[in-house]
Amino acid sequence: MLTNLLTIWSNPFDNAIEIAFSKFFDILPDFFKEFIIAFTNLGDKGIFFIVLGIFLLFMKKTRKLGFICLIGVILTLVINDLILKNIFDRARPFEDPNLVGSLVSITNNGGEVPGIKPDSNSFPSGHTFTSFTVIGGVSFMYIFNKEERKFYLPVMIFFIIFGILMAFSRVLVSHHYFTDVLAGAILGYGFGISSYYIVTYSPKLYYLVKEKYFSKNKEKESNDNN
C-alpha cells in the first residue's frame, strides 16, 4: 500500500504548480526575493514560534497563546518531522532529477536552492504544520472566549495571514510541493484544535485530581486520628 502511494509522489499536478511558482519567483525583484527568503527562514526549527511562545508566557492575557505556540512546535517535531515525514519519505522538488531542470529559479541561480536548504523529507510541510497549529488554537480561543473576542480577533487575523504566506513561501522557494503545504495546513489546524483543549483543560484536570487526592489524604488522616 505504501509502495503504491510513493509512486504518485512526483505527479503532473504538483509539478505544474511548482514550475509556475518557480517562474514567478524568478521574475520578482531582488528585494522581494530576499524578503520571501528571510520570511520563510523564520519557520526553520520552529525558532520563531519558540521565541514568540516564551515571550507570550510572561503576560497573563497571552499565556495560553504562548503555550499553544510551544505545543505547536512540539507537535511538529514529534508528529510531523519524526513520524509523518519518515512514513511518507517524499523527496523535495529540488531533489527530483526530472523536475529540477524545469525550476528556473534554481537553474538561473547556478543550481542553488533559495534560502536555507532543508535536509529532511518533504511531506507534510513542517513550517506550515506549525503555523496552522497556532491558527487552529487561536481560532478556537476566539470562538469560545466571547468576552475576549476583541483581543483575539487581530491576533487570529495576524496568524492566518502569517500561516498562508508561510505556506506559499515554501512553494515559491521550491522547498515544498503544493500538496505538502496543503497537508501541513490541514493536519496542523487539526492538531491546533487539540492544543487548545490541552491548554484549556489540563489545568482544570490537574486541580481536580489534586483536590481529590488531598481530600482523600485529609479523610485518611482524620480517620487515623480518630
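This text leads through a helix pair, a pocket and a buried serine in a predicted model.

Two packed helices are described by the angle between their axes and the distance between the axes. Here, helix α2, spanning residues 12-27, and helix α8, spanning residues 149-172, have axes that come within 8 Å and cross at roughly 90°. Helix α2 is therefore roughly perpendicular to α8. From α2, the residues that make the contact are Ile17, Glu18, Phe21, Phe24 and Phe25, while α8 contributes Phe168, Val171 and Leu172. By class, seven residues of this contact are nonpolar, none is polar and one is charged.

Attention now turns to open space. Rolling a probe the size of a water molecule over the atoms shows where empty space is left. The largest pocket holds about 440 Å³ of space. Its lining comprises 21 residues, and those closest to the centre of the pocket are Asp44, Lys45, Asp81, Ser120 and His127. Helices α5 (63-88) and α7 (126-144) each supply at least two residues of this lining, and the largest share, five residues, comes from α5. The lining of the largest pocket has nine polar and eight charged residues, together with four nonpolar ones.

The final subject is Ser122, located in the loop between α6 (104-107) and α7. Ser122 has a relative accessible area of 0% and therefore counts as buried, since the cut-off for that class is under 20%. When neighbours within four places in sequence are left aside, Ser122 is in contact with Lys85, Arg90, Ala91, Arg92 and Pro93, and also with His175, His176, Tyr177 and Asp180.

Methods: Residues numbered from 1 in each chain as written. Predicted model: local features only at pLDDT ≥ 70, side-chain atom pairs only at ≥ 80, totals over all residues. Heavy atoms only, no water. Axes fitted to C-alpha atoms, helices over the stretch in contact; angles between N-to-C directions. Helix = DSSP H or I, 4+ residues; strand = E, 2+ residues; numbered from the N terminus. Parallel < 35°, antiparallel > 145°, perpendicular 65-115°, else oblique. Contact = heavy atoms within 4.5 Å. Nonpolar A, V, L, I, M, F, W, Y, C, P; charged D, E, K, R; others polar. 1 Å grid on protein atoms, 1.4 Å probe; cavity = no way out; pocket = protein on both sides within 12 Å on 5 of 7 lines; lining within 4 Å. Points joined across faces, edges and corners; volume = space filled by probe spheres on them. Buried < 20%, exposed > 50% of the residue type's maximum accessible area, 1.4 Å probe, protein only.
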